[in-house]
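Hi everyone, thanks for coming. Let me put my structure up on the screen, and then I'll walk you through one small part of it.

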Amino acid sequence: MPHYDGRPHVLILGGNFAGLACAQKVRQYLGGKARITVIDRKSYLLFIPNIPADVFEDRNPALHQRMDLVPILAKDDIDFIHGEVTAVDIAARNVTFRPAERGGAEDHVEHYDYVIFALGARLAYDRIEGFAEHGHTVSDLYHGEKLRRYLNTRYAGGPIAIGSARFHQGDGADGLEPYPGGSIPRALAACEGPPVEVMMSMATWLKDRKLGGPENVTVFTPAPMIAEDAGEDVVKQLLTLATKMGFNYWNNTQDITRLTADAIEFADGRTLPAEVKIIFPDWVPHDFVKGLPVSDSEGFIKTDLLMRNPDHPEVFACGDCAAVTVPKLGAIGHQQSDIIGLQLGKIFGAVEAEKADVPLKPEVLCIGDMGDGKAFWIHSNSWFGGDRQILKMGRVPYFLKMRYRDMFFAADGKVPAWGLDAAALIAEGH
Ligand SMILES: Cc1cc2nc3c(=O)[nH]c(=O)nc-3n(C[C@H](O)[C@H](O)[C@H](O)COP(=O)(O)OP(=O)(O)OC[C@H]3O[C@@H](n4cnc5c(N)ncnc54)[C@H](O)[C@@H]3O)c2cc1C
């Protein structure tokens, strides 16, 4: 067990993309000035974005998309607790957790001087009636493998529907301006790169097996426009291409009401016939963060654009659990982790204020597999008030998607800034 050694304690809740990056950035900027602990209910990093490519290229994602956290954190003298966080007492600065390896464990309390929420969100499949019996998805290893097996052994050649349930965003980011005159808008879907990616890959999978193509696939969105955060120009290009290819597109579905054996019923009253239903649910905050003094109306953690809670400056948040992370993208969490490292560096006197106090300017960065060794690359900030909207498609983005995961694993998650810049340079061709 980690023991108190007299140094201030930085406690990080969650150890996936946001939590791991924060832990490493805090160590980088603080050196040995603080004790750092990560708590997660699992002891590996789950590389979520590459699960769909494994499913459609017929590999079990469990064999490829996990990175062991404990030795990687230990290299930077970061303690790891394999535990389930069950409560946070903001006034007392205490976190309650339960060791997670075996059932029946007792509760423990860990005190912090600074806490970073990096807990992601609950992907609320359990709120969709009929999902357990009739639904599929690709957001974790179990569901990815379940879909791969279904497609390979039971798919009867019927229609395929892919899309999102309605996202319920809280009020925690309202009024924040990342760009002069811009804002963090309200979104109706949490993360719509994945449905676009799965739609493209699914069509390639069908074509390769001579089972049809885009005409068998319908992509749907609760919003007026799918992936609206990618920028209107980018989405128009994608939709023009998708329509030419023969995909079906349903917008304004409002929400999923329920799944049945052969259809999806939507809140707008329409019913979409489908044998295979690949669903992305609502991203919902964990129950124990709802109602905390640092949470917004839904339970996302409120911060300013320096990722710090305005009322409790010892509280930070990063990644999908932060109210300002809209859409819910790992790439935005990555940008935020650097800001938190710099902020703590400033607090500990290791980083100049001028360098640290640079607010978040979110960018949508998404590489989506299209099957057949091709992928799309979206790099955009127009949704937040910026002026960039880039879409590229082809073999280079696919190469980058696969290499990014390899580079991430080889570098223990410390993807150097130049890694992303180099990827942008190659994909965007300038
Ligand atoms: C199919 C798919 C493809 C995607 N592709 C992209 C992409 O191309 N680009 C991109 O930028 N984003 C992509 N995303 C989004 C990306 O996966 C998320 O934004 C990212 O995982 C968020 O990171 P996070 O660390 O904030 O949260 P998570 O990855 O959800 O991690 C949260 C961590 O907290 C832990 N945790 C949760 N609750 C507790 C608890 N009570 N106690 C202890 N530990 C707990 C979890 O075990 C987990 O390790 C994709 C998402 C999906 C589903």
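I'll talk about one residue, its helix, and the sheet beside them. Just so you know, this is a predicted model.

Okay, let's start with Pro-195. You'll find Pro-195 in helix H6, which covers residues 193-208. So is Pro-195 buried or exposed? It has 24 C-beta neighbours inside 10 Å, and the cut-off for buried is 20 or more, so Pro-195 counts as buried.

Who are its contacts? Leaving out residues up to four places away in sequence, Pro-195 touches Ile-162, Gly-163, Ser-164, Val-219 and Phe-280. Thr-96 is another story: Thr-96 and Pro-195 are 99 residues apart along the chain, and their C-alpha atoms are separated by 36 Å.

Now, the sheet. This one is open, with 4 strands in the order S12-S11-S10-S16, and the pairing is parallel. Which strands sit at the edges? Those are S12, residues 248-250, and S16, residues 276-280, and each of them pairs on one side only. Going from one strand to the next, the twist averages 15°.

Let's zoom in on S11, residues 217-220. S11 and S12 run parallel and are joined by 3 bridges. Remember Val-219, one of the residues Pro-195 touches? Val-219 stands opposite Tyr-249 in S12.

And here's how the helix fits in. H6 packs on the sheet, where it touches S10 (160-164), S11 and S16. The direction of H6 makes about 165° with that of S10.

That's my tour, thanks for listening!

Technical notes:
Residues numbered from 1 in each chain as written. Predicted model: local features only at pLDDT ≥ 70, side-chain atom pairs only at ≥ 80, totals over all residues. Helix = DSSP H or I, 4+ residues; strand = E, 2+ residues; numbered from the N terminus. Buried ≥ 20, exposed ≤ 12 C-beta atoms within 10 Å, placed from the backbone. Contact = placed C-beta atoms within 7 Å. Pairing = 2+ DSSP bridges. Axes fitted to C-alpha atoms, helices over the stretch in contact; angles between N-to-C directions.
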